[in-house]
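Me: I'm new to reading protein models and would like to learn how the labels are earned. Could you take me through this one?

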Amino acid sequence: MLIKRLFDEPLAQAAWLVGCQATSTACVIDPNRDVDAIMAAADAEGLRITHVTETHIHADFVSGARDLARRTGARLLLSDEGGEGWQYAFRGDANVTLLKEGSSFGVGNLRFDVMHTPGHTPEHVSFLLTDLPASDRPIGVFTGDFIFVGDVGRPDLLERAAHVAGTMEASARALYASLQRVKQLPDYLQLWPGHGAGSACGKALGAVPSTTLGYERIVNWALTAKTEDAFVAEVLAGQPEPPAYFAQMKRLNRDGAPPLDGFPALAVLPPFGLAEAIASGATVIDIRRSPERHKHHVPGTLGISYGKSFSTYAGSVVPFDSTVYLLANEPRGQRVTKAAHNLRNIGYDHIVGAFGGDALEAWAKSGRALAQTNVIEPADAARELEAGTAIIVDVRKSSEWAEGHVGGATLVPLPQLMERMAEIPRDRPVILQCQGGGRSGVALSVLAAHGYTKLRNLSGGFDAWRAAGLAVESGA
């Protein structure tokens, strides 16, 4: 038997390749959209993918399950739990087998038994794996977004991301019931989750790739909660605001994402085309490092430096149906390749191409002015706030805000910026602030692209404000 974790760092997402080496066959659980990489991983192990499945309808990335099954000729196994509204639109495809509580399927000498584990989503299932030549007892469980290392899947996304009102508490209680069922299983079982540290699908996920049920009984707060009510209160408290694209992912994955013919390299575009792209209303994302962008950038572009949080930030502020261009110093470089890959993994398919640094030169040579990001030091911001000559907009998470914030500031978490933009006045100076200056820089570029002109970024963010000894308030 072979178990291989295929981890996507930007999404902190894990697909699992599970192979029976005796028969050279394999199952893939929770594949993302980069099916070429998954097929290459199977091929490198001498395995043929015969089964593809997933634990639930994902909200944070485009599922590759249907496409991978099509490309490999594999059987596609999908949850039939959750009731109306949580059924796959392509459940009637000829290669689909529907799974319920108590279902099982075999891959060579391996057996997978299905447990319905609702709470994160109504249709969520987990897979108990048994290596039959070794034992008739299971070795572990693929838990998807049910149990993580040190945490559990959040039950609020149905309400906060998919906008199904009044479902958070019921989902939390369903999650608690699922945990009580799993607690009846043996301690020795390994747990293989679908996400790691950095995912927005939980609050405090651990960074190690797997765990055991016995260890989680000791360290995982959700498995040590003394009462159902205590669990519900804790699991719903302090959950981060989901990126705006999450709502689109649920629909896309339920209905079936369009297949991609690989992840092709982006076209390199002529420098003078940048002005036309901006004039057309397309989204141009400047992925250069923040210091470069702050020094000079093209007005109307969005400043989202490529890095660990690129997918989350882009998915929070880039309209989902946008025509997208990228702007980088080197349009053929790894930053462009990785940024485009990340965007496609969360459903942004209309990426036309990439502009290079010469596009900024062409912009300036055409007589158009480049812009700078205006910054303000904490002490100066405090004076303006006290005098009432400026307002501060804090774009951090509500949980960060509760731990400490600038008195008099307005909280607009970055994932809510697009829908709440009208709350931010255009006729007053606005100071954008986050923890260290990164998210607020993104927010400033978004507001500037929408016509705001009186904008400044708080230098060093809330960390610098606190370090300067300025007044801080706490609590929601």
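Reply: Happily! Let's start with a term: a contact means heavy atoms within 4.5 Å. In this predicted model, residues 24 or more positions apart account for 68% of the contacts with a separation of 6 or more.

Me: What makes the protein as compact as a globular protein of its length?

Reply: The protein has 18 helices and 22 strands. Its radius of gyration is 24 Å, and the globule rule gives 23 Å for 476 residues; the two values are close, so the protein is as compact as a globular protein of that length.

Me: Why is aspartate 80 called buried?

Reply: Buried means under 20% relative accessible area. Aspartate 80 has 13%, so the label fits. Buried residues make up 54% of the 476 residues in the protein.

Me: How do you know that arginine 91 and aspartate 80 form a salt bridge?

Reply: The cut-off is a side-chain nitrogen of Lys or Arg within 4 Å of a carboxyl oxygen of Asp or Glu. Here N and O are 2.3 Å apart, so the pair qualifies. Arginine 91 and aspartate 80 lie 11 residues apart, both in the loop between strands E5 and E6.

Me: And what about lysine 100 and aspartate 80?

Reply: Their closest N and O atoms are 3.6 Å apart, so this pair also meets the 4 Å limit.

Me: Why is lysine 100 called partly exposed?

Reply: Partly exposed lies between the 20% and 50% limits. Lysine 100 has 38% relative accessibility, so it belongs there.

Me: What makes glutamate 423 exposed?

Reply: Exposed means over 50%, and glutamate 423 has 51%, so it counts as exposed.

How values were computed:
Residues numbered from 1 in each chain as written. Predicted model: local features only at pLDDT ≥ 70, side-chain atom pairs only at ≥ 80, totals over all residues. Heavy atoms only, no water. Helix = DSSP H or I, 4+ residues; strand = E, 2+ residues; numbered from the N terminus. Rg over C-alpha atoms; globule rule 2.2 N^0.38 Å. Buried < 20%, exposed > 50% of the residue type's maximum accessible area, 1.4 Å probe, protein only.
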